[in-house]
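User: Could you take a close look at one part of this protein for me, the paired strands, and then show how that part sits in the rest of the chain?

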Amino acid sequence: MGAFLQDKARIVLYGNSSQQIGAGHIMRLLALAQAAQTQFEIVFIYKTCSDLLLQKLHLQGFSTHAINSPLNRRELMDLKPTALIVDDYYLTASEWRILENLDIYLIKLDDALDNNTFTADLIINPAPNAPVDRYKQFAPTATLCLGTKYTYLRQEFTLCGFIPLAKRKNLLITLGGTDSKSLALPISKLLLDSFPEIEIQLLLGTVHQHQLLLEELQKEHANFHLIYNPKSVAEIMSLSGLAISSAGGTLGELASMGVPTLALITVDNQLPALTSPLNNTWYYAIDLRNFENEDSDTSQNQDILNQIKEQVLILWHDTCKRVHMSEQARQLVDTKGCQRIIEQLIIGLKNKMEQQ
């Protein structure tokens, strides 16, 4: 399909990471980059990005480039992009005007979290309730990739085989790249008290703010395991009979591996998981935005933790229900979402070139 393109035409991918933003934007751009790398030259650009994520991108063979804020036309065009993929909630209206006026193919990763309007050649939103009418209204000429068939999954998920849920003995805690609410320690303690015989794994992307306390907990409990930046997150998930997860992009990964999940809403941009028609099917969502992330033993915090404990106890001891949840998840999400997106991108580039 890419034969019409010049050799290794360049795709520039723009996103950011930080303690506040998390790692999700960079990780889903990475999934798209992996799907496109055989046909395109890939360059990641960012205003802010953690050293750990930059190292991950470099190990994958991708170039990275820090850019100024606000975005400006000269700096972007100096990169000579054929297409630009944008994943940023916080672009200003003037920055969007700059992007829209570039003479390149523009792709927007969108989550419909605000009322800002923009135009793009290709808009992607994997949510099952993506607002198609809204997109058609403010971007009537855009190609739309909407729904779970366009879930962003990295290559490791295409390589990992399925393990029947009945053979999975691990309980997984995965709270995103930053754990902004500092939930890892209280949830780990909660589960260790409730499940002293079950293998509990805490997946961490980087050193945690409660690192020493978590390491002490691991020493005290033989069934508690800290896992840092593993070679394959997919393999960890494939061995999990239940997950307690932040409700970001990790949900799509867990669905592809058929992991029944308790999804924790910790920030506003995860609210689509709470309002989604999929809530209470293969996952259950709990709103934790009011959880106090300081070392606080408030009644509100305890009520939230008790709610988590109750749901985990119900799910873990109901294997039939978890098997059904696992089957529902795997029917919704396969591993070809990024491939489908890149195919649409190539078609769009070809059409754009023919019109010029």
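User: I would like to start from strand E6. Which strands does E6 pair with, and are its faces covered or not?

Analyst: Happy to walk through it with you. Please keep in mind that this is a predicted model.

Strand E6 covers residues 122–125, and both of its faces are covered. On one side sit Leu122 and Ile124, on the other Ile123 and Asn125, and all of these residues are buried. Buried here stands for a relative accessible area under 20%.

E6 has a pairing with strand E5 (residues 105–109), where 3 bridges join the two in a parallel run. Within that pairing, Lys108 has Ile123 of E6 as its bridge partner. E6 is also joined to strand E7 (residues 143–146), again in parallel, by 4 bridges. Here Ile124 is matched with Cys145 of E7. Ile123 and Ile124 thus appear both in the bridges and among the buried residues of E6.

Another parallel pairing lies earlier in the chain: strand E1 (residues 10–15) and E2 are linked over 5 bridges. One of the matches there is Ile11 with Ile42 of E2. Strand E2 spans residues 41–46 and is mostly covered, with 5 of its 6 residues buried.

Strand E8 (residues 170–174) is worth a look too, through Thr174, which lies in it. Thr174 has a relative accessible area of 5%, so it counts as buried. Leaving aside residues up to four places away in sequence, Thr174 touches Leu203, Ile244, Ser245, Ser246 and Thr250. Ile98, by contrast, is 76 residues from Thr174 in sequence and 37 Å from it in space, C-alpha to C-alpha. In the loop between E8 and helix H7 (184–194) you will find Ser182. Its phi is near 50°, a positive value in a residue other than glycine. Ser182 counts as buried because its relative accessibility is 11%.

Lys80 also has a positive phi, near 55°, and is likewise not a glycine. Lys80 sits in the loop between H3 and strand E4 (83–87), and with a relative accessible area of 64% it is exposed. The loop between strand E3 (63–66) and helix H3 (73–77) holds Pro70, which is joined to Ser69 by a cis peptide bond with omega about 0°.

For a helical site, try His324 in helix H13 (residues 319–332). His324 is partly exposed, at 46% relative accessible area. His324 and Trp282 lie 42 residues apart in sequence and 7.8 Å apart in space, C-alpha to C-alpha.

Now the wider setting. The protein chain has 14 helices and 13 strands. Its radius of gyration is 21 Å, close to the 21 Å that the globule rule gives for 356 residues, so the chain is as compact as a globular protein of that length. Along the principal axes, its C-alpha atoms fill a box of roughly 65 × 40 × 35 Å. Buried residues make up 52% of the 356 residues. Of the contacts with a separation of 6 or more, 62% are between residues 24 or more positions apart. The chain exposes about 16,400 Å², with carbon and sulfur atoms supplying 48% of that area. As for charge, there are 30 positive and 38 negative charges, and their mean positions are 7 Å apart.

Note on methods. Residues are numbered from 1 along each chain as its sequence is written. This is a predicted model: local features need pLDDT of at least 70, side-chain atom pairs count only at pLDDT 80 or more; totals for chains, interfaces and linings use all residues. Side-chain values use heavy atoms; hydrogens and water are left out. The radius of gyration is taken over C-alpha atoms; the globule rule is 2.2 Å times the number of residues to the power 0.38. Buried means under 20% relative accessible area, exposed over 50%, partly exposed in between (1.4 Å probe, protein chains only). Contact means heavy atoms within 4.5 Å. Accessible areas come from the Shrake-Rupley method with a 1.4 Å probe; for residues, only the protein chains shown count as cover. Lys and Arg count as positive and Asp and Glu as negative; His and the chain ends are not counted. The place of a charge is taken as NZ of Lys, CZ of Arg, CG of Asp or CD of Glu. Two strands pair if DSSP finds at least two bridges between them.
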